[in-house]
Amino acid sequence: MRRVVRQSKFRHVFGQAVKNDQCYDDIRVSRVTWDSSFCAVNPRFVAIIIEASGGGAFLVLPLHKTGRIDKSYPTVCGHTGPVLDIDWCPHNDQVIASGSEDCTVMVWQIPENGLTLSLTEPVVILEGHSKRVGIVAWHPTTRNVLLSAGCDNAIIIWNVGTGEALINLDDMHSDMIYNVSWNRNGSLICTASKDKKVRVIDPRKQEIVAEKEKAHEGARPMRAIFLADGNVFTTGFSRMSERQLALWNPKNMQEPIALHEMDTSNGVLLPFYDPDTSIIYLCGKGDSSIRYFEITDESPYVHYLNTFSSKEPQRGMGYMPKRGLDVNKCEIARFFKLHERKCEPIIMTVPRKSDLFQDDLYPDTAGPEAALEAEEWFEGRNAEPVLISLKHGYIPGKNRDLKVVKKNILDSKPTANKKCDLISVPKKTPDMASVQNEAKLDEILKEIKSIKDTICNQDERISKLEQQMAKIAA
């Protein structure tokens, strides 16, 4: 019998790197030997960990600031050791967390229009790790909850609004933690560790729900992430150093649902997952390709779709949340590939003949609104992400609601720094100046707000006219 090719609307996903003038050039990307992605993006900014003398720093660039980046461009540079990981807050596009070799986690508030001066004062410093902090990850549905993991084999979950460590999981891992991933509603985390175990942990009960020894038998680093249906996807190496990917059911971790061998290469595979379309993109450190797979309920469960190849190897990779994509161009993913000296956006599209909104490509996706407050989550409540429609594109105007979060974090600044009060006493005078600056900023922001509102109205008007034109043309 002839084998029928499996139908999928994502079989012909088309990847394309942008033109040179739309790249971010002349960036000294960090050379730290750490398997993080070195890049984090959201609908407003791209953040890149860079080489810095006398401490750790990262760049935060507005998305539109392409071209050559001046060497004197301001950085975020409060850490005393190299920065190892950065993560944008999913509920506020101006808040970013960073973990560093200096054993601290810092949370930063980026001005609405980007940096004009280097930022050295974080909103809050989270101190609790005894060794370098290599992983930071925000809670997907709860405001102000941040997870960090360090080389002290401990995972700490913080309430950023108060600067307190509320959960400390320091006896669950006997060796270095390679990565941590939240599940869809943030009730569980899964971890991959140097002891070759994949663990599913309930952080609030502080217990291991499921565990798999030797999920991948090779000695090189593994990765484990949660999928929307609760299964766990892992990448790792076989005993013969072949790269593998596997799918597991946490209720029965004895055997994988699927296990595929890919190739022999020593680059760690970084998985990026889109819960709306069930596509996983695998970017190998040092590879020059992005492979993508579709996860379904039918055998073999992990279906290879295609590979995007380029000439240059990647040092790291940023992945844009769904609400930052251009729905008018049927864009289903955008990556920010780090070279040695530049950052190059790569756009993935599903070619369609129609210019109209494609409902099947864009189901409602997680929006910027938090479903729970930190206290509610710590008390035991769970909530699914608050979804938004992308039918008219993501209008950054909605982001203004998140200024509440900004106040929340800034209002609690004195309590957040209670532990550090002795150290930060001399810094109180600059705070007064910053209050005055805030007042001036508010005036400017009001003007910008009115301009943005006008633009939004015009945008809606234009899109309505375009739809009418399309109907006439049809």
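**Entry 1: aromatic pairs.** I went through the rings of this predicted model and found 13 aromatic pairs. I began with F45 and W88, which form a stacked pair. Their ring centres lie 5.6 Å apart, with 15° between the planes. What does this pair tie together? F45 belongs to strand β4 and W88 to strand β8, so the contact joins parts that are 43 residues apart in sequence. I also looked up burial here, and both F45 and W88 are buried.

**Entry 2: a tilted pair.** Next I turned to F272 and Y319. Why is this pair tilted? The planes meet at 40°, and tilted is the class for angles that are neither under 30 degrees nor over 60. The centres of the F272 and Y319 rings are 5.6 Å apart. F272 sits in strand β24 (residues 269–274) and Y319 in strand β28 (residues 316–319), so the pair links parts of the chain 47 residues apart.

Are F272 and Y319 buried or exposed? F272 has 12% relative accessibility, so I noted it as buried. Y319 comes out at 19%, and since the cut-off for buried is under 20%, Y319 counts as buried too.

I then followed the ring pairs outward from F272 and Y319. They belong to a cluster that also takes in Y281, Y292 and F335.

**Entry 3: charges over rings.** I checked for charged side chains above ring faces and wrote down two. The charged end of K285 sits over the ring of F38, 4.1 Å from its centre. R220 lies over the face of F237, at 5.4 Å from the ring centre.

**Entry 4: the largest nonpolar core.** This core has 40 residues. Which of them touch the most other members? I listed I27, V46, I48, F58, V60, I110 and F336. The elements giving two or more residues to this core are β3 (39–41), β4 (45–50), β5 (56–62), β8 (83–88), β10 (104–109) and β29 (331–338). Strand β4 gives the largest share, 6 residues.

I picked I110 for a closer look. Leaving out residues up to four places away in sequence, I110 touches F45, V60, V76, W88, Q94, I96, L115 and L119. I was pleased to meet F45 and W88 again, the stacked pair from my opening entry.

**Entry 5: another core.** Apart from the core of 40 residues, I found another, of 27 residues. Its members include C283, I332, F335 and L390. F335 was already in my notes, as one of the residues in the ring cluster with F272 and Y319.

Technical notes
Residues are numbered from 1 along each chain as its sequence is written. This is a predicted model: local features need pLDDT of at least 70, side-chain atom pairs count only at pLDDT 80 or more; totals for chains, interfaces and linings use all residues. Side-chain values use heavy atoms; hydrogens and water are left out. A nonpolar core is a set of buried Ala, Val, Leu, Ile, Met, Phe, Trp, Tyr and Cys residues joined through side-chain atoms within 4.5 Å. Buried means under 20% relative accessible area, exposed over 50%, partly exposed in between (1.4 Å probe, protein chains only). Helices (H or I, at least four residues) and strands (E, at least two) are DSSP runs, numbered from the N terminus. Contact means heavy atoms within 4.5 Å. Rings of Phe, Tyr and Trp (its six-membered ring) pair if their centres lie within 6.5 Å; planes under 30 degrees apart count as stacked, over 60 as edge-to-face and the rest as tilted. A charge sits over a ring if NZ of Lys or CZ of Arg is within 6 Å of the ring centre and within 35 degrees of the ring normal.
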